[in-house]
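Reader: Could you pick one strand in the middle of this and walk me through it closely? Start from the strand itself, then work outwards to whatever you think is worth a look.

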Amino acid sequence: MPASRSPRRALAAVFAACVVLPLSACGSSGGDSGTADASGKVEGDITFQTWNLRANFKPYFESLIADFEKKYPGTDVKWIDQPAEGYADKISADAAGGTLPDVVNVSPDLVAPLAKAGLALDLDKAASQYKKEYLEGAWASHQIPGMTGTYAFPWYLNTGPLFYNKSLFKEAGLDSEQPPKTYDEVFDAALKMADKTDGKVATLANVPTVEDFGRYGVELMNKEGTAFTFNDAKGVELLTKYKELYDAKALDPQALTATPESSGKKFLTGAVAMNPGSALDLGNFKKQAPNLYKNIGITDQITSTGHVNMYVMGVMVNARTKRAPAAVAFAHYVTDAAHQMSFAKQVAIFPSTAGSLDDPYFTKEDGTDETRVRVAAAKSLKNAVNYTPVLFSEQMKTELRNEVAKALQGKESPKEALDNAVEACNRLLQQQG
């Protein structure tokens with residue numbers, strides 16, 4: 001991920017999700033949002049841009065494009081694949097220069113500045129007939145606070161289940177078959193675990209992120225999209241709870257500097273009782289920690305709202321395309337149920353189309369680690385939401401993390417820390433324009 005040169009360039013988590021998502025994609029050519037007319041004959045030349053997908057998925061995309069061109073004679077799709085390095089800057093330069101391709105794979109964070117600039121087609125106006133084909137939370141993920149409309153078709157989704165160590169739960173006198181589901185339950189379990197082990201086993205290894213505030217039920221932003229609001233009473237309550245965990249060593253003492261790798265290592269060695277993970281991690285446990293592998297429990301992400309967090313990619317249509325009917329038809333084709341399903345069978349992602357997650361591929365276990373994790377994740381995705389605000393940039397994440405650290409270390413009260421984080425994030429928001 002390139003360092004952004006300005007808040008506008010931050011194009012926030014392009015991709016915070018990259019730890020979870022095994023592939024990334026982004027990228028259209030062509031009046032103001034929602035003005036291109038998508039009715040009419042599907043014909044003409046269009047360009048389609050992805051991000052670093054050609055190396056691993058060239059046959060898939062070549063076949064998909066050939067099938068589309070066969071279905072719509074007179075169309076020609078030119079596929080452009082950009083390298084991962086410098087992609088956000090490339091999008092910014094193309095947007096400024098009027099050279100965005102016609103169809104572009106985006107994340108919600110990336111589509112936000114393009115929609116504000118009038119470069120992303122409003123699908124609620126231009127292609128509302130397709131809305132019912134997608135999961136409600138996935139369709140909503142490319143909506144921008146303060147704007148009406150939806151600015152990309154949802155494409156693939158991902159989420160991570162939570163692993164927990166059943167033997168550590170048993171040793172602490174906790175029910176290993178009924179792991180905590182809500183934040184209150186996990187806080188209670190964590191304090192018991194720390195007390196029982198004299199602080200040697202932490203339950204959690206990571207400080208709260210903006211997603212945690214969302215899953216706790218905190219209103220992260222006002223509806224107009226003009227200010228962040230996660231310093232309300234509920235936000236302060238969450239950070240106060242984390243401070244209590246930190247003091248009791250129920251939150252790993254090294255959580256302030258933790259990376260996914262370091263947290264995974266702590267879980268592997270039994271120093272941490274719960275940690276997010278993937279099928280790949282299960283394979284590692286099998287080789288490196290057979291006792292842990294035997295005692296692995298798989299549960300949903302912790303949430304007090306009843307909705308887990310999803311990571312989502314989308315396919316945007318350039319509002320200035322000269323070939324709107326073809327661009328919209330192709331963007332829909334890439335993301336329709338049949339093509340999402342075939343893509344999901346090539347790589348560990350999940351379709352955003354309604355009903356697809358009921359397919360046996362996502363519901364039936366066959367005894368392998370891969371399906372154990374896939375089935376658990378798919379089940380939680382049906383009503384998942386993207387908690388990370390689309391306007392929340394990488395710089396804002398850093399501001400929040402720094403203030404959370406000060407609160408946990410006792411340098412500031414949770415209220416002071418969140419007030420400072422919100423003030424800094426709102427200042428950055430204003431700079432985004």
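**A strand and its surroundings**

Author: Let's take β8: Tyr311, Met313, Val315 and Val317 point one way from it, Val312, Gly314 and Met316 point the other way, and all of them are buried. In a regular strand the side chains alternate between the two faces of the sheet. The strand covers residues 311-317, and seven of its seven residues are buried, so it's mostly covered. Buried here means under 20% relative accessible area, exposed means over 50% and partly exposed is in between (1.4 Å probe, protein chains only). Strands (E, at least two residues) and helices (H or I, at least four) are DSSP runs numbered from the N terminus.

Before going further, note that this is a predicted model, in which local features need pLDDT of at least 70 and side-chain atom pairs count only at pLDDT 80 or more, while totals for chains, interfaces and linings use all residues. Residues are numbered from 1 along each chain as its sequence is written, and side-chain values use heavy atoms, leaving out hydrogens and water.

Now for the partners of β8. Strand β3 (residues 103-106) runs antiparallel to it, and four bridges join the two. One place to look is valine 104, whose bridge partner in β8 is methionine 316. Strand β4 (residues 153-158) also pairs with β8 in the antiparallel sense, over four bridges. There you can find asparagine 158, bridged to tyrosine 311 of β8. Two strands count as paired if DSSP finds at least two bridges between them.

Step back and you get an open sheet of five strands, ordered β2-β1-β3-β8-β4, with mixed pairing. At its edges stand β2 and β4, each with a single partner strand, so each has one side without a neighbour in the sheet. On average, neighbouring strands of this sheet are turned by 20 degrees against each other, direction ignored. Helix α2 lies across β1, β2 and β4 and runs at about 165 degrees to β2. For that angle, axes are lines fitted to C-alpha atoms (for helices, over the stretch in contact), and angles run from 0 to 180 degrees between N-to-C directions.

Over at the β2 edge, have a look at glutamine 82, which belongs to that strand (residues 75-82). Glutamine 82 counts as buried because its relative accessibility is 15%. Leaving aside neighbours within four places in sequence, glutamine 82 is in contact (heavy atoms within 4.5 Å) with Gln49, Thr50, Trp51, Asn52, Tyr87 and Lys90.

Two names on that contact list lead somewhere. Asparagine 52 sits in the loop between β1 (44-51) and α2 (54-71), and it has a positive phi of about 60 degrees although it isn't a glycine. Most residues other than glycine have a negative phi. With a relative accessible area of 42%, asparagine 52 is partly exposed. Tyr87, meanwhile, is one of the buried residues of helix α3 (residues 87-97), along with Ala88, Asp89, Ile91, Ser92 and Asp94. Just after α3 comes glycine 98, with a positive phi of about 75 degrees.

If positive phi angles interest you, there's also aspartate 198, at about 55 degrees and again not a glycine. Its place is the loop between α8 (183-196) and α9 (210-216). Aspartate 198 counts as exposed, at 65% relative accessibility.

There's another open sheet to set beside the one with β8: three strands in the order β6-β5-β7, with antiparallel pairing. Its edges are β6 (274-276) and β7 (296-299), each with a single partner strand, so one side of each is left without a neighbour in the sheet. Neighbouring strands here are turned by 30 degrees against each other on average, direction ignored. Strand β5 (residues 162-165) pairs with β6 over three antiparallel bridges, and leucine 162 has proline 276 of β6 as its bridge partner.

Last stop: asparagine 383, in the loop between α17 (369-381) and α18 (394-408). Asparagine 383 is partly exposed, at 39% relative accessibility. Not counting residues up to four places away in sequence, asparagine 383 touches Gly306 and His307. From asparagine 383 to serine 304 it's 79 residues in sequence and 14 Å in space, C-alpha to C-alpha.
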